[in-house]
Every structure is written in structure tokens, then in C-alpha cells.
Amino acid sequence: MADFSNAIKIPQDSKEKCRSIFLGQENSAEFSLVSAPSRALFGSGIRQDFPILKQKINGKRLVYLDSAATSQKPKVMIDALKSYYEKYNSNIHRAIHTLGEQATEEYESTRKKVAKFINAKSEKEIIFVRNTTEAINLVAYSWARNNLKAGDEIILTIIEHHSNIVPWQQLQENGIKLKFVDVNKNYELDLKQLENSVTKSTKLVSLTHVSNVLGTINPISEIVKIIKEKNPDAKILIDGAQAVPHLKVNVLELDCDFYAFSSHKMLGPTGVGVLYAKEELLKEMKPFLFGGDMIKKVGKFETEFNDLPWKFEAGTPNIADVIAFGAAIDYLENIGMENVHTHEIELTKYALEKLSEIKDIEIYGSKDAKQRGGVIAFNIKGAHPHDVAQILDGEGIAIRSGHACAMPLMKRLGVESVCRASFYIYNYKKDVNAMIKGLKKVKKVLKL
Amino acid sequence: MTLDIYAEEIIDRFRNPHNFGAIESADFEAEEYNPLCGDRIKLQIKTHDGRLTAKFSGHGCAISQASADILCGEIKNKQISEIENLKDDDVTKLLNIPITGTRLKCALLGLWALRSALKNGS
Ligand SMILES: Cc1ncc(COP(=O)(O)O)c(C=O)c1O
């Protein structure tokens, strides 16, 4: 069996070669909706790189449609993790020995890769944290708590994940006001309302790039312009947890002040998140956590803090996972984020078509696949999402069911919970077909 | 075999519960809510000459609804002393389907409502 983990080392211009390896591995009718270049790369070819997908669940082929929760992992990433522990495990930044130097170099090289991946000006603007949630908390603690006062406003949207709501709610005890921007009937953010919400008191607008429920891709550049035009001093934080894994993100072009995302949703390990922030902001901000590593000089009663970005990384960081995250980024770079996005649009379009054929289904979000990421939330009348997910699990199909960590949005949609299918590079038409077949079984079992 | 959880009896109870509805001036009642899935069950009990009748209302998955329905059936014509110590196991045995970790909450929502109801009174 061809191992795609080797194939990804082939430079971009040799993709022709990859194609010949992968075509014909499965019935090519399965790929009929995938265009020629991506045909070579996506679906069955790429699946070979993900050891977990070879597994059977309840005796059936694993159909993993829950990548929005966390993605599966390619062997190259798992190997990088193993290689660190087996070959150069050691603490970083302080060691004057071979292992320590190699570990430091690899750790810092991931930082450079991240900076390049999202087009930050400098790697000083890349802070490693545990996940998106911690990145947002860092901004709430280090920036907001020190810069906002009673009467100041933070603008959020109704489609936010809990991790971009709860940290801000905590600031209300200091008299800081929260405002929420609604969606229109096409489930897009109401930009007029957003514009009207921004006032002189607006200190921060914090919103998601891609919705983890509706799949909507928010027009961030346009939104940033709208906000800065009304209040040039307002800062903008983008929750990129569902964007960076799926689209080419360019923070410089977006011109946001903060940008947060998680490694585990983009083929990397758990336990690593990234906060990007403009250097001038980071320079002024107080550290988040205090202790070792984030210092330059410590006296009995006073400390001189370290330079950026280390000022924000107290204690021994998650060395192994950061290094392995670098391997995940390499893997995505080799495929090309434009290709990832195109593949997902095609798959989402196909899935939306197929799902709409099911009677009594309600699909939340835009019907236009180009406006959305590879996330589809839906409900089948009379079927509780937990029952749907459980019956699908019996068929080896993993989807999410529940409030998807967006309870205010559930309330807005007038539902308690939803079923959510989400796609990534290793999914293909065959997975959508399996889900559709599974949903027919759901109706049969529940006698709908 | 995960699918056994959707046994005929469970689906029938879910689709056509025997004890769904409200009791006017109930002697005991309580509502329980599972925020994870939004399931909600209100259980009401009335005593006639020391014998009980029970009804439930609310919404949720097949397991929580069928379980509440079966529980109401179990309560019927019993005395309080016979049901006040019902254990989790007693309910899962009544259901007679394999219940795994994450679904246990669904299966026991009705029982939680029963316990709260007896504690609350009316
Ligand atoms: C839009 C969005 N924001 C934030 C998060 C939180 O990510 P993490 O749990 O990695 O902190 C998620 C993850 O589900 C998400 O989808």
C-alpha cells in the first residue's frame, strides 16, 4: 500500500506523480465530484496517511465526520512526536548540550513555521499556549483586565463558541458591558447591526472567523474595516479555531489585532494552541503567567521579564507537541491550503445536495457551499440528535450531537441541540454516501 | 451491538408513550433537565388511597422518553415506600437494553425527576 507520508515530501511541482499513485486505488466513481488536481490528493489517497482510519468501528469502516471537534492525525505527525521522545528529549532554551540544542531548535522552528503559515510579520508575534480557549483567556487577563474600565464595551456575536463568550462574561464584574451581534435570515452576521454597535466605548470586538455550527465564513477583512472606520482604537480578536485548519489565513491582510487557534483541529497534537498578536500590543501587555522561562533576571523582590515571545510562555512549555505541530503544518503546506479549501467546498456542496433530499431535515446555515466551511449542522424532525449519533455510530459513522458548545446560538436557532457533520482532507464522497445511508437507517429504526 | 439499545419496546414507548401528560393538583412533582442534550422531563405523582399514579411530560431522546414512560408504568399502583428507594440499576434493568456511559444520563433522567419530586412534595 502506498504511504502518503512519503508522498508529501515530494515537492509541490511533482503532484502529477502523486496522482498516478492514488488514482485507481478505489472505484474512481467515488471521486467524480472532486476536480482533477485534488482527486490525486484527497480522500482515499490521503486516508493512507492516517493510521486511525484503517480501524473498524462496530465492524464497519470508520467514517469520521467530527473533525470540527478534533481532526485525526497523520503518521508523520505521530512520528515527529515519537522521534522527539526517543531521540532528543530534553528541556529547551537553557541547556548547553546537544539534545537541548536540537530540541530548542525544533521548538523554535515550529514558531517560524506558524508565523509563515498565517503570514505574521515576525515569529515574535506567535505565542504558544494550550489551545484556542487559553489564547482567548490570555487576552482577557493580560490585555482586557489591564486596559478596560467600567462602562467600556466588548462586542461579541451570537454564533460564538463558549470559549469566546465565557472569558468575556467574567469582565462584567468590573462594569464592562457585552453586546451581541445577531445573524440575518441567511445565517450571516448582520453587518449593519455590527456597524451600529461600535461606539467610542467599544474597546474590543471578538468574533469567530468560521462558525463551528453554521459553517459560515465571516468576511473578516470587511468587518475589520467597518470597525476601524467607526473606532480606530477598538481592538479585534479573531477566533480562528475553525478557520486555520481549512483556509489560507493571512493575519497581516486581515489586519486583526489578535488571532487564536488550536493545533489539534489541524492535524496536530492536543495541548498546543497559538495566540497571534501584533507586536506593539504584546510589548505593552503584562505577562499572563509568571515563573521560570519568562524571565531575564530575577532578584528577591523584582524581576525583569523576558523578550517576546517568551515573556508569555512561563514554565517548561509543551515541547513535544509544539515540535509535532510543526510536522502537521509541513503536511498541510505540502497539500496547499487552497487545495484543502477547494476540496471541502466540493464535499460540502455534495453533502448539502444529498442531505436536502432527505425528508423532514432542517439544515442550519447558508445553502451556498462557497460561503461556508466544511461544517453542516442539521436536525431530522422527530429524531433527537443523540439518537441519530448513536444509530450512526452503530454504522461506524462519527458525527457530533448536542449544543456544539454554542448554547446562545442554539437558543437563537430555537433548538436544544443539533447533529453536526464536519469534513476534512481525508473525507470523500464515499463518507457522505455512508452518512446518507446511515440517516435512512435512523429513520427506519426510529420509525419516522 | 449498539443497535440493541433501540429495542422495539423502547421505540414504541418513545413514539406512543402510555403515561405522557399532566396531572392536575399532583401531590409530588419535579422537573429535571440535562443541559448536555437539552432533554427535559417533568414527573408528576398523585396518591389515591395510598396508591400512586404518575405521568411525565417534556422532550428528549428516545432513551430518556421511553425510560420515563416505563418508570411511570412501574410506579403505578405502588405505594411510596415501594418506590422511594429505587436505584439506578433498578431502572436500567427495567429498560432491559445495554446502556453505555454517555447514555446513562438519558436513561436516568426520569428517575432523577422522581427522586426530586419525592423530596420536593408538591
Ligand atoms: C469556533 C471555536 N472556537 C473555539 C474552540 C475551542 O477550541 P479549544 O477547545 O481547542 O480551546 C472551538 C473548538 O471546538 C471552536 O470550534
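Q: How many residues does the contact take from chain A and from chain B?
A: Keep in mind that this is a predicted model. Here, chain A brings 20 residues to the contact and chain B brings 24 residues.

Q: What is the area buried between chain A and chain B?
A: People often give the size of an interface as the accessible area lost when the parts come together. In this case about 1700 Å² is buried between chain A and chain B, and carbon and sulfur atoms give 54% of that. On the chain A side, A:Gln390, A:Glu416 and A:Lys447 lose the most area to chain B, together 35% of what that side buries.

Q: How many salt bridges are there between chain A and chain B?
A: The count is three. In a salt bridge between B:Arg103 and A:Asp387, the side chains meet at 2.9 Å, N to O. You'll also find nine residue pairs in polar contact across the interface.

Q: Which element gives the most to the side of chain A that touches chain B?
A: That's α15(A), with five residues. By class, this side of chain A has five nonpolar, nine polar and six charged residues.

Q: Let's pick one residue. Is A:Thr157 buried or exposed?
A: The cut-off for buried is under 20% relative accessible area. A:Thr157 has 2% relative accessibility, so it counts as buried.

Q: Where does A:Thr157 lie, and which residue does its side chain join in a polar contact?
A: Look in strand β5 of chain A, residues 153-157. The side chain of A:Thr157 makes a polar contact of 2.6 Å with that of A:Glu160. Further along the sequence, by more than four places, A:Thr157 touches residues including A:Phe180 and A:Leu207.

Note on methods
Residues are numbered from 1 along each chain as its sequence is written. Chains are lettered from A and ligands numbered from 1 in the order in which they are written. This is a predicted model: local features need pLDDT of at least 70, side-chain atom pairs count only at pLDDT 80 or more; totals for chains, interfaces and linings use all residues. Side-chain values use heavy atoms; hydrogens and water are left out. Contact means heavy atoms within 4.5 Å. Buried area is the accessible area (1.4 Å probe) that two parts lose on being put together, summed over both. A salt bridge is a side-chain nitrogen of Lys or Arg within 4 Å of a carboxyl oxygen of Asp or Glu. A polar contact is a pair of N or O atoms within 3.5 Å; within protein, one must be able to donate a hydrogen and the other to accept it, and residues adjacent in sequence count only if both atoms are side-chain atoms. Helices (H or I, at least four residues) and strands (E, at least two) are DSSP runs, numbered from the N terminus. Ala, Val, Leu, Ile, Met, Phe, Trp, Tyr, Cys and Pro count as nonpolar, Asp, Glu, Lys and Arg as charged, and the others, Gly among them, as polar. Buried means under 20% relative accessible area, exposed over 50%, partly exposed in between (1.4 Å probe, protein chains only).
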